[in-house]
Amino acid sequence: MNDTVTTPKTRTKTKVERPKLHKVILINDDYTPREFVTMILKAEFRMTEDQAYKVMITAHKLGACVVAVFTKDVAETKATRATDAARTKGYPLLFTTEPEE
């Protein structure tokens with residue numbers, strides 16, 4: 001008789017979780033010129049003239065507009081760079097980020 005006990009080998013599979021996404025939001029203000037807002041959207045978020053204009057008008061009408069969705073680090077960097085670019089020109093333009101549900 002065979003007295004050997006064998007146990008099955010178990011494999012642990014690591015599950016890689018996708019990074020949480022964050023929205024970049026354009027906050028409307030009544031002082032920053034529309035042309036400057038579209039220029040920032042085109043430069044920082046690589047939008048076409050038409051896309052930038054639509055985002056700017058939506059923010060103007062609704063008070064805020066989601067510009068794009070990125071990972072947290074990218075979203076915060078882009079929002080900061082866009083806001084800083086406006087500040088250097090003396091405009092109160094503001095971009096914020098928040099987690100996407």
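**Three strands and a spread-out chain**

E100 sits in the segment after β3, a strand that covers 94–99. This residue makes a handy way into the structure, which is a predicted model. With a relative accessible area of 38%, E100 counts as partly exposed, because that label covers values between 20% and 50%. Setting aside residues up to four places away in sequence, E100 touches L21, H22, K23 and V69. I57 is another matter: E100 and I57 are 43 residues apart in sequence, and their C-alpha atoms are 22 Å apart in space.

One of the residues that E100 touches, H22, belongs to strand β1, which takes in residues 21–27. Is H22 buried or exposed? Its relative accessibility comes out at 11%, so H22 counts as buried; the cut-off for that label is under 20%. Its contacts, again leaving out residues up to four places away in sequence, fall into a few stretches of the chain. A68, V69, F70, K72 and A75 are among them, and so are E98, P99 and E100. Of these, A68, V69 and F70 fall within the range of β2, residues 64–71, while E98 and P99 fall within that of β3, 94–99.

H22 has plenty of company under cover in its strand: five of the seven residues of β1 are buried, leaving this strand mostly covered. How does β1 pair with β2? The two run in the antiparallel sense and are joined over seven bridges. β1 also runs antiparallel to β3, this time with six bridges between the two. I27 shows both pairings at a single residue: it stands opposite A64 in β2 and opposite L94 in β3.

T71 gives a view from strand β2, which spans residues 64–71. T71 is partly exposed, with a relative accessible area of 29%. Which residues does T71 contact, once its neighbours within four places in sequence are left aside? They are P19, K20 and L21. L21 turns up among the contacts of E100 as well. As for A52, it lies 19 residues from T71 along the chain, and the C-alpha atoms of the two are separated by 21 Å.

Stepping back to the whole chain, there are three helices and three strands. Along the sequence they come in the order β-α-α-β-α-β. The radius of gyration is 23 Å, well over the 13 Å that the globule rule gives for 101 residues, so the protein chain is more spread out than a compact globule. The C-alpha trace spans about 90 × 25 × 20 Å along its principal axes.

Contacts and cover round off the picture. Among contacts between residues at least 6 apart in sequence, 70% join residues at least 24 apart. Of the 101 residues, 31% count as buried. The protein chain exposes about 7800 Å², and carbon and sulfur atoms supply 53% of that area. On the charge side, there are 17 positive and 14 negative side chains. The centres of these two sets lie 6 Å apart.

Definitions and conventions:
Residues are numbered from 1 along each chain as its sequence is written. This is a predicted model: local features need pLDDT of at least 70, side-chain atom pairs count only at pLDDT 80 or more; totals for chains, interfaces and linings use all residues. Side-chain values use heavy atoms; hydrogens and water are left out. Helices (H or I, at least four residues) and strands (E, at least two) are DSSP runs, numbered from the N terminus. The radius of gyration is taken over C-alpha atoms; the globule rule is 2.2 Å times the number of residues to the power 0.38. Buried means under 20% relative accessible area, exposed over 50%, partly exposed in between (1.4 Å probe, protein chains only). Contact means heavy atoms within 4.5 Å. Accessible areas come from the Shrake-Rupley method with a 1.4 Å probe; for residues, only the protein chains shown count as cover. Lys and Arg count as positive and Asp and Glu as negative; His and the chain ends are not counted. The place of a charge is taken as NZ of Lys, CZ of Arg, CG of Asp or CD of Glu. Two strands pair if DSSP finds at least two bridges between them.
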